[in-house]
Each structure stands twice: as structure tokens, then as C-alpha cells.
Amino acid sequence: MQFGFALPHYDFSVPGQSPLRFETIAAHASTAEALGFDSLWVSDHVSLSIERYGGPPGEQFAYEPLTTLAALSGVVSRPRLGTLVLSEALRPAGVLAKALATLDRVCRGRLDIGIGAGWYAPDFEAVGMALPPPGERLARLREVLVVLDALLPGGPASFNGKAHIVRGATNLPPALQAPRPPIFVGGKGDRLLRLVAEAADGWNTCWVWRPDDYRGRLAVLDRACEEVGRDPSSVRRTIGLYALAGENERDVAARYGRMQRNAPGGMLDGVPLEQWRTGRLVGTVEQVAEQVAGWAVLGVAELIVSAGPLPFSVSGLDDLEVLRAALSS
């Protein structure tokens, strides 16, 4: 199994620092590389409210993912760099293909492309759209997958979709990886898993999952693959989980106590550790290693950790060292 790290890149991501500085993102990327993480990930929102997670109201701002990864490609030389996940509506498909092919060359063939149908209404409003119903969002996502598959290797490509159109388009220079960088889709619904089976290299879901619930989604994915004549094992499975590890139970409790104190707006006040650890990767080094082994049995090829109370956040940089030790035990 490989292990990825969800980089802090929002104004809520690092305690005591808002607005977030790029130098802080770079420092976390360098630390993760030194600790042996296999991949680094950023998400895609114009802004994000954390009120739905129990945080304070108001929009929190973020670094744009593609330019952030381009800058980080000069900071770290070994880990793969990925999007978890791009929001389909924010970029025309042809323009996105051009940007991704360029990024793959800038990072010397280390790009992993995650993309999703989008779910956050303000992202759509930022580009002058109302949030479409789920079926329309999935149809738009399908179109993007067709265009990326054709254009990342260089094209030419023509596609006349309802949302995305390219006419005799070329994309030179093409992506460095041949035939193109891997593309996975993020989400968990039945129709989305059918789209994964039909048109994607892999599938991701995050950030709170119990193995039994995940196993149920795998059954849906496997059925979809069988219906389209695809070997289910050919779908690369990755999962994102909140994670916290300690040397012993006292250390786990102390680290969680710090996370509670640092959590934006007191969002973890009154939430005991035993409640918070459900569906998350939490425990001593030995306990986390056992949980990781269980995810491996379910066919997870890569586990991506978010080491804070929110997606793409951290509680303390020193949490990464013990967490990485637990993952590799």
C-alpha cells in the first residue's frame, strides 16, 4: 500500500495562520517527502465554508490547486502530486486538458488527476451557475472524462457535448506520462460508481469511512464493473481518512487534546476521543497499523491521510512523524 498526505492549503488549515502562507504549504510538503509519503494532494474550491463541519461561519479561502502543484513540483522531487478532486464546472474541458498536460511535464510525470462532479454550490455560483441536479452533474463529468482521455495524449479530438465542446483540438506538448496521467473519480453514489467502471482508472472516497460501509460501496462498484465487462481489480482504489496516531494511549489522548484546542471555532469541544475516532484512522502506532492492514485486505492501493480536524488541515506538524511510522509498521 502507498500513503499520501492531504496538504494544508486553506486559511483554516494551520492553527494560528490565516491567511495561510505558501511557505507553510511548502514546508509541510518537504516534511512529508522527508518522512517518506508517496504522494501529496490538494483539493479544488474557490472558497469553502467549514460551518457544516461545526466550524465558524464565513467563507475560508484556498490556494488554487494546479498552480499550487506546479510550484510544489520545484519544492519536492519524489512524491507524486495529485488533485483530490478537481471540480468539473470550474474549467472548460479543453483548457483543463492543456493545464494538466503542462503540469505533468512541469512535475516530470508525477501527476495524478482526481476529478469529481462537484457538490459545493458557491463553486458553481463563482462561475455564474446554479448547482445542477446530480444527474446533470454526472453527465457533465462524463463529458470531461471523454475530453481528457482524448486530449491529454495530444489529440486531435472533437467532441460535441452539452457542457463541453472541442473541435479538432490538439494539445501539444502532450502530457509526459504515456498514454496519459491516471484519472480517478471521487465520490460514492451508485451512478458515480457506474461512471468509474465505464470511464476512469480509479476511484477515491473520503474522509470518514467504516470498513463495513466501504465494503458495501465496493460491492456496488464490482457489480458495475461486471455489467460493463471490466475486471474490478483494474480499478485502482484509494481512500482518504482523517488520521491521528500516538506512541501510546496517553500520547493519542494528548494529541487529540491539542487538536480540540486548535480546532476552528471550538468545533471539537465536547466531542470525546472515542466518539471522534469512529470512521477515522486513530490509535496507537500498533492500532493504526492494524487498521491499515484491514484496508489493504479490502483492496485499497493508497491511503491518503488528513492529519487535522478538517479536510486538508493539520493539528501540529509533529503529528506527521508518528503517523508515518504507524502507516509503515
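Student: Leaving aside neighbours within four places in sequence, which residues is Thr 68 in contact with?
Tutor: This is a predicted model, and in it Thr 68 lies in helix H2. With its neighbours within four places in sequence set aside, the residues in contact with Thr 68 are Phe 22, Val 42 and Tyr 63.

Student: Does Thr 68 count as buried or exposed?
Tutor: Buried means a relative accessible area under 20%. The relative accessibility of Thr 68 is 4%, and because of this value the residue counts as buried.

Student: How are H2 and H3 oriented to each other, roughly parallel or roughly antiparallel?
Tutor: Helix H2, residues 65-72, packs with helix H3, residues 93-106, at an angle of about 15°, and their axes are 9 Å apart. Angles under 35 degrees count as roughly parallel, and therefore H2 and H3 are, with respect to each other, roughly parallel.

Student: How many residues of the contact of H2 with H3 are nonpolar?
Tutor: From H2, the residues Leu 66, Leu 69 and Ala 70 meet Leu 96, Ala 99, Leu 100, Leu 103 and Val 106 of H3. When the residues of this contact are divided by kind, no polar and no charged ones appear, and the number of nonpolar ones is eight.

Student: Which way are H5 and H6 oriented, roughly parallel or roughly perpendicular?
Tutor: The axes of helix H5, residues 134-151, and helix H6, residues 190-199, lie 11 Å apart, and the two helices pack at an angle of about 15°. It follows from this angle that the orientation of H5 to H6 is roughly parallel.

Student: How many charged residues are in the contact of H5 with H6?
Tutor: On the H5 side, Pro 134, Gly 135, Leu 138, Leu 141, Arg 142 and Leu 145 meet Arg 191, Leu 192, Leu 195, Glu 198 and Ala 199 of H6. The residues of this contact divide into seven nonpolar and one polar, and the charged ones number three.

Student: What do the buried residues of H6 pack against?
Tutor: The buried residues in H6 are Leu 192, Leu 193, Leu 195, Val 196 and Ala 197. These buried residues pack against H5, strand E10 (183-186), strand E11 (202-205) and helix H7 (211-228).

Student: Which helix gives the most to the largest nonpolar core?
Tutor: The largest nonpolar core has 78 residues, of which Phe 5, Leu 281 and Trp 295 touch the most other members. Seven residues of this core come from the element that gives the most to it, which is H5.

Student: How many residues are in the other core, the one that includes Trp 276?
Tutor: Within the largest core, Trp 295 is one of the residues that touch the most other members, and among its contacts, leaving aside neighbours within four places in sequence, are Trp 209, Tyr 214 and Leu 281. Apart from that core lies another, with Ile 50, Tyr 120, Trp 276 and Phe 312 among its residues, and its size in residues is 25.

Student: What is the phi of Phe 312, a residue other than glycine?
Tutor: Phe 312 is found in the loop between strand E14, residues 300-306, and H11, and because its relative accessibility is 4%, Phe 312 counts as buried. Most residues other than glycine have a negative phi. Phe 312 is not a glycine, yet its phi is positive, at about 60°.

Student: How many of the nine residues of helix H11 are buried?
Tutor: The buried residues of H11 are Asp 319, Leu 320, Val 322, Leu 323, Arg 324, Ala 326 and Leu 327. Helix H11, residues 319-327, is largely enclosed by the rest of the structure, because the number of its nine residues that are buried is seven.

Student: What is the omega of the peptide bond that joins Leu 84 and Val 85?
Tutor: Val 85 lies in the loop between strand E5, residues 80-83, and strand E6, residues 86-87, and both Leu 84 and Val 85 are among the contacts of Phe 184. Most peptide bonds are trans. The bond that joins Leu 84 and Val 85 is cis, with an omega of about -10°.

Definitions and conventions: Residues numbered from 1 in each chain as written. Predicted model: local features only at pLDDT ≥ 70, side-chain atom pairs only at ≥ 80, totals over all residues. Heavy atoms only, no water. Axes fitted to C-alpha atoms, helices over the stretch in contact; angles between N-to-C directions. Helix = DSSP H or I, 4+ residues; strand = E, 2+ residues; numbered from the N terminus. Parallel < 35°, antiparallel > 145°, perpendicular 65-115°, else oblique. Contact = heavy atoms within 4.5 Å. Nonpolar A, V, L, I, M, F, W, Y, C, P; charged D, E, K, R; others polar. Buried < 20%, exposed > 50% of the residue type's maximum accessible area, 1.4 Å probe, protein only. Core = buried A, V, L, I, M, F, W, Y, C linked by side-chain atoms within 4.5 Å.
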